[in-house]
Amino acid sequence: MKRTCRNAPSGLGNGGHRGMAIYSLNLKSIGRTTHSAGTAGAHLLYIARPDAQAELVSEHMPTDPNAARAWMNRAEMSDRKNARVADKVRLALPRELTPEQRIQLVQDFARNLTGGRVPWFAGIHAQGKDAHNPHCHMAIRDRDIETGKRVLRLSDSPRDRAKAGLEPKAVEWVRAKWEEHANRALEAAGHDARIDRRTLEAQGIDREPTIHIGPQAAHVDQFVERPESKIKQTGNGRVIDYPQIDDGRTRKERHAEIIDLNIEKAARSKSFRVRETAKVQREQARLDSELENSLIGEDRRRTRQHRMAQAAYRDALKPIRESRKADEASLRDMFREEWTRRRKTITEKHQDERSTLKAEHGRMGARVMRVIDFTGRTKRRQENEKHALQDTQRQERAEMIAEYRAFKDQHQGKLDDRYAVMQREVRAIHAPRLSNMVEQRRDAEREADRQRQMRAAEREQAERQAEERIRRAEQIVRSQMVKGPRRDQGPSLG
């Protein structure tokens, strides 16, 4: 199940004074039949991955990522074969709120959504590359903490939900909950901005909705190369023809086209405020694009260099690994021959000893003594001799196996030591370069983050200055209209 609504800031489309924060909500389910075992637990580690610098919060389950994954895996093992393991919710968080306010918003929303009866785990991504796109990943384990029964039923059909006394449309119910909580948080923080779960058309806004760019596509585009669209098949068997949808463009390029189209529409608006805001956004988008293109070019260059260095390292190790593989094959043949020889030797020896003892006990005199010895001492003595031989042979076999293992470990150890030295020599040549490249990438990422933060500060300053200019111009227009009404298209700000 998947529903997404992403509305970019609509200050360009409504002509009003109240800003519109981004609304984006994505809801999916993880099931035992639709996903591989452990998918839900792995998703928790993805939410909490170190490079995302996530703020983690949870309820009724561990907050530590590894403990949370183990908890989720144990819970999944107890589910029936076709059960829903967890529900995933991705939310765009209002940029207007502070980090502390966002955490409180996520906690309030999750607790209200689950009624405090269902375990959930959330990661807020608002650091580094996500500083300008704060969002939250949430995983909900829909099982009552006391009864173990399902509470939210987010993946149920409308009819089943209605029978359970729930709002029939689960996605609409979640969307409404998020709109309510986000707007309440914005109002409490003193912001005029609001989110609206309705489509842009329903809001009366002449603007195209932007699209979501997945993390894999974003990573490839940022660090590797321009990604190519591919036909995908979802877990429920639905085929999505992305090459046809994207029409030769990447998701990022299509996203940028939509933004440019919306700005161009706004630039032709009858509203003076919308036109002037579009001018500022067009210029800021150009500056953002220039910075991002420069940073992406550097990231791709470093990725190529790092992959070339890794390839050189692998090429240097390849002949060593091939030689070791051949030596290990020869060693296995030698071990097989040595084991066969030792086993055959001891088997023949033990067979001879058992045959000799059997012959002694089978002599005429020994048989007569067993018959005439009414005390049974002769029979017990022969049985004891047989058991003693068995114990001796058992001990000899154990000693043979131990000697063989020592022989095998000795030769295997020599081979391991020889190739370990060779690998260390190659590593000593290549490791410093690879380590230095990793450190350079970390430095570059810190510098890129600094530049993005500076660009964000410049953008916010430009937007504040533009807002001030627009307000002054509107005041002039209002004062002129008091003197005499006239049609106003807004003064030109240059």
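This short talk walks through one helix, its start, its bend and the aromatic rings along it.

Before I begin, please keep in mind that this is a predicted model, in which local features need pLDDT of at least 70, side-chain atom pairs count only at pLDDT 80 or more, and totals for chains, interfaces and linings use all residues. Residues are numbered from 1 along each chain as its sequence is written, and side-chain values use heavy atoms, with hydrogens and water left out.

Let us start with helix α9, which covers residues 272-362; helices here are DSSP runs of H or I with at least four residues, numbered from the N terminus. At its N-terminal end, serine 271 acts as the cap, with a side-chain oxygen 3.4 Å from the backbone nitrogen of arginine 273. Further along, α9 bends by about 30 degrees at leucine 317, and proline 319 follows within four residues; the bend is the angle between axes fitted to the seven residues ending there and the seven starting there.

Now to the rings: how many aromatic pairs does the structure hold? There are 3, where rings of Phe, Tyr and Trp (its six-membered ring) pair if their centres lie within 6.5 Å, and planes under 30 degrees apart count as stacked, over 60 as edge-to-face and the rest as tilted. In one of them, the ring centres of phenylalanine 335 and phenylalanine 407 are 6.2 Å apart with planes at 75 degrees, so this pair is edge-to-face. Because phenylalanine 335 belongs to α9 and phenylalanine 407 to helix α11 (residues 377-483), the pair ties together parts 72 residues apart in sequence. Both phenylalanines, 335 and 407, are buried, meaning under 20% relative accessible area, with exposed over 50% and partly exposed in between (1.4 Å probe, protein chains only).

How values were computed. Helices (H or I, at least four residues) and strands (E, at least two) are DSSP runs, numbered from the N terminus. A polar contact is a pair of N or O atoms within 3.5 Å; within protein, one must be able to donate a hydrogen and the other to accept it, and residues adjacent in sequence count only if both atoms are side-chain atoms.
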